[in-house]
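The questions below go through one chain step by step, from its overall layout down to single side chains. Please keep the sequence and the structure in view while reading.

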Amino acid sequence: LVMIFILWYVSNYATASFYGTYQIKELGFTLTTVSTITIISSIVRIFVSRFWGAYADKNGFAKMLCLCLGVTVIAHIFAAFSTPANGIVMFTLYTVFYYIGQGGIGSGLINICFDYIPYTKRADFMAFAQANSAVNSKGNEWKVAAYGIPAALLALVCFVPRFIVTVSGNA
C-alpha cells in the first residue's frame, strides 16, 4: 500500500504544473477555456464522489480504488493524444475523466486500510503508517532510497516521453 501511495502522489504531482502550461502554450487555450473546463470537471466530481462513496460502502475501498485508478488511466490516454487540432475535445475528456477518478481516489487511498486491517488493529496500523511517513526524521534516510528513488525514476519514465514529443513539435 505504501508504494501505491508514493507512486500515485509522485507521478500525479510531478505532472500537475506541466498540464497548466501545456493547455495554454501548446494547445492554445485561453484562461477562460481552462477555467470553464475546470469548473465543468469540478461539478462532475461533486456528483461522482457520492457514487464512489456508495460503491465503496457496498464493495470495499480496494475495488473502488481499482476502478478509479482505471478511469484515471483512461484520462491520461486522452491527455497523451491531445493536440492543438483536437485539444478542446481530448483535453476536456482528460479533465472530466481525471476528476471522475479523483472523486474516489482521494478517499480510497486514505480508507483502503479498512479493507485489509482488522478493526482491533486499525489504530496501531494508522499510527505506524503516520510514524513511518516522515522522511526527514533521524534514522529514516533509508526511506528516501527505498521509496523516493523508485518513485522519482517512475516519474521520469512517465514524464520524459511526453516531454520529448512536446519539444520535438509532434504534440
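Q: Which pattern does the chain follow when read along the sequence?
A: In this predicted model, the chain has seven helices and zero strands. Read along the sequence, its pattern is therefore written with helices alone, namely α-α-α-α-α-α-α.

Q: What percentage of the contacts in the chain with a separation of 6 or more is accounted for by residues 24 or more positions apart?
A: The chain has 171 residues, of which buried residues make up 32%. Among its contacts with a separation of 6 or more, the share that comes from residues 24 or more positions apart is 72%.

Q: How far apart are the end C-alpha atoms of α2, and what span should its residues have?
A: Helix α2 covers residues 31-59, and a kink of about 30° is centred on V48. At 1.5 Å a residue, the 29 residues of α2 should span 42 Å, which agrees with an end-to-end C-alpha distance of 40 Å.

Q: Which residues of α2 are buried?
A: Burial here means a relative accessible area under 20%, and V44, which is found in α2, has 23% and therefore counts as partly exposed. Y55, which also lies in α2, is likewise partly exposed because its relative accessibility is 23%. The buried residues of α2 are V34, I37, S41, V48, W52 and A56.

Q: Which residues does V44 touch, not counting residues up to four places away in sequence?
A: V44 and I100 are 56 residues apart in sequence, yet their C-alpha atoms are 6.8 Å apart in space. Not counting residues up to four places away in sequence, the residues that V44 touches are V96 and I100.

Q: Are α2 and α3 parallel, antiparallel, perpendicular or oblique to each other?
A: The axes of α2 and α3, the latter covering residues 61-80, come within 7 Å and cross at roughly 135°. Angles over 145 degrees would count as roughly antiparallel and those from 65 to 115 as roughly perpendicular, so the two helices are described as oblique.

Q: Which residues of α3 are met by residues of α2?
A: From the side of α2, the residues taking part are W52, Y55, A56 and N59. By class, the contact of α2 with α3 has seven nonpolar, one polar and one charged residues. On the side of α3, the residues that are met are F61, K63, M64, L67 and C68.

Q: Which residues does Y55 touch, not counting residues up to four places away in sequence?
A: Y55 is 49 residues from G104 in sequence, with 9.5 Å between their C-alpha atoms. α2 is followed by G60, whose phi is positive, near 105°, and G60 is one of the residues that Y55 touches. Not counting residues up to four places away, the full set is G60, K63, M64 and L67.

Q: Which residues of α3 are buried?
A: α3 has 20 residues and reaches 28 Å from its first C-alpha to its last, close to the 28 Å expected. Its buried residues are F61, A62, M64, L65, C68, V71, T72, A75, F78 and A79.

Q: At which residue does α4 bend, and by about how many degrees?
A: The 25 residues of α4, residues 87-111, should span 36 Å, and the end C-alpha atoms are 35 Å apart, which agrees. The bend in α4 is at Q102 and is about 30°.

Q: Is Q23 buried or exposed?
A: Q23 is found in helix α1, residues 2-26, and leaving aside neighbours within four places in sequence, Q23 is in contact with G28, F29, V34 and F91. With a relative accessible area of 9%, Q23 is buried.

Definitions and conventions:
Residues are numbered from 1 along each chain as its sequence is written. This is a predicted model: local features need pLDDT of at least 70, side-chain atom pairs count only at pLDDT 80 or more; totals for chains, interfaces and linings use all residues. Side-chain values use heavy atoms; hydrogens and water are left out. Axes are lines fitted to C-alpha atoms, for helices over the stretch in contact, and angles run from 0 to 180 degrees between N-to-C directions. Helices (H or I, at least four residues) and strands (E, at least two) are DSSP runs, numbered from the N terminus. Angles under 35 degrees count as roughly parallel, over 145 as roughly antiparallel, 65 to 115 as roughly perpendicular and the rest as oblique. Contact means heavy atoms within 4.5 Å. Ala, Val, Leu, Ile, Met, Phe, Trp, Tyr, Cys and Pro count as nonpolar, Asp, Glu, Lys and Arg as charged, and the others, Gly among them, as polar. Buried means under 20% relative accessible area, exposed over 50%, partly exposed in between (1.4 Å probe, protein chains only). The expected span of a helix is 1.5 Å times one less than its number of residues. The bend at a residue is the angle between axes fitted to the seven residues ending there and the seven starting there.
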